[in-house]
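Please open the model in your viewer and keep the sequence alongside, so that each selection can be followed in both.

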Amino acid sequence: MENKTILLGSRPHGTPTIENFEFTQTDLSPLQEEEVLLKALYVSVDPYMRGRMSDAKSYVAPYEVGKPIMGGVVAEVIDSKNEKLQKGTVVVGNLPWQQYIVHHGKGLNSIDPNMSPLSYHLGILGMPGLTAYFGLLHIGQPKEGETVVVSGAAGAVGTVVGQIAKLKGCRVVGIAGSDDKINFLKNDLGFDEGINYKTTSNIKEAVAAACPDGVDVYFDNVGGEISDAVIFSLNKFARIAICGQISFYNNTSPATGLRVEPILLKKSAMMKGFIVSDYAEEFGKAARELASWVKEGKLQYQETVKEGFDQIPEAFLGLFSGENTGKQLVKVAEREY
């Protein structure tokens with residue numbers, strides 16, 4: 001059985017390239033007791049993975065050079081010596097980038113393939129959806145009538161943030177990198193206004209114009225000049241949830257910019273960074289609420305899907321040039337059972 005694996009071939013300096021990845025052929029070992037053989041169906045690529053490609057200390061251990069890259073994967077059990085995971089069971093877990101995986105069975109979550117598309121468990125019902133939920137509702141604490149601004153608004157997290165904010169009765173402004181994305185946010189997802197940062201000469205003025213009553217909640221996915229611009233429009237007691245800083249991920253030298261402390265002080269504003277795992281004890285409740293909103297049609301979801309195992313690195317690299325709208329995924333294979 002052919003079994004390809006994608007390794008971290010080398011640590012990138014600046015923006016990753018295809019040369020930082022290495023494809024190898026691996027042999028499958030015979031199953032031992034309690035083990036299962038998994039077939040990858042969908043693979044998630046996410047911006048946080050860029051941090052793990054570096055050896056700098058962070059909230060999660062870095063990838064090792066010469067070892068498989070790990071991430072969110074939906075897979076099917078196609079052979080089993082584990083009574084709890086029979087053939088045909090579909091699972092989601094943090095797994096290596098491999099076509100087939102021999103796994104000990106621990107840490108895998110079974111999912112019902114009849115309840116929602118399998119890919120949703122890597123997106124709106126998985127880590128991105130939970131990230132949007134907790135960052136907005138626990139840190140942003142939006143109130144009806146307030147203005148919420150979302151950067152990286154057309155990504156997997158931002159699209160969900162904006163829609164939840166609308167459910168809470170807020171005015172929502174999304175910042176994204178193309179007119180097509182802005183039209184999608186406004187026409188399909190119900191955002192009230194959008195700003196194309198790539199064609200806007202003065203982001204600070206654009207934010208002020210789009211938010212005539214100021215900004216009460218800012219969900220920050222990008223950092224940098226875009227976030228600096230939003231901060232000038234903060235209202236008294238504004239809340240900022242720092243989810244991602246993708247504008248910095250490929251920097252090779254320290255970034256400089258606005259000193260935010262005086263503005264936060266004058267506005268009595270709160271800025272808080274978070275990692276979705278901070279809320280692990282509440283994942284179940286949040287996932288059920290997200291699922292109900294999806295089922296009721298209150299949350300729409302967009303995916304950008306590439307086909308084929310060999311496309312995983314290209315899909316990952318596309319995150320940094322804004323190729324995706326919504327969640328970026330790679331479909332590796334069809335189910336067998």
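Two strands are taken as paired if DSSP finds at least two bridges between them. With that in mind, and remembering that this is a predicted model, select strand β11 (residues 215-220) together with strand β12 (residues 234-242), which pair in the parallel sense over five bridges. Within this pairing, F219 stands opposite A241 in β12.

Next, add helix α6 (residues 224-231) to the selection, and you will have a right-handed β-α-β unit made by β11, α6 and β12.

Now move to strand β13 (residues 270-273), which runs parallel to β12 and is joined to β12 by four bridges; here the bridge partner of I240 is M271 in β13.

Return to α6 and display the second largest pocket, which has a volume of about 310 Å³ and is lined by 18 residues, with G224, D228, Q245, F248 and V260 lying nearest its centre. The elements that give two or more residues to this lining are β11, α6 and β12, and α6 gives the most, with five residues.

Finally, select N250, in the loop between β12 and α7 (261-267). Is N250 buried or exposed? N250 has a relative accessible area of 15% and therefore counts as buried, the cut-off being under 20%. Showing its surroundings brings up G14, T15, P16, R50 and F320, which N250 touches when residues up to four places away in sequence are not counted. With R50, the side chain of N250 makes a polar contact, side chain to side chain, at 2.8 Å.

Conventions:
Residues numbered from 1 in each chain as written. Predicted model: local features only at pLDDT ≥ 70, side-chain atom pairs only at ≥ 80, totals over all residues. Heavy atoms only, no water. Right-handed = clockwise from strand over helix to strand, strands pointing away. Buried < 20%, exposed > 50% of the residue type's maximum accessible area, 1.4 Å probe, protein only. Polar contact = N/O pair within 3.5 Å; in protein donor to acceptor, adjacent residues only side chain to side chain. Contact = heavy atoms within 4.5 Å. 1 Å grid on protein atoms, 1.4 Å probe; cavity = no way out; pocket = protein on both sides within 12 Å on 5 of 7 lines; lining within 4 Å. Points joined across faces, edges and corners; volume = space filled by probe spheres on them.
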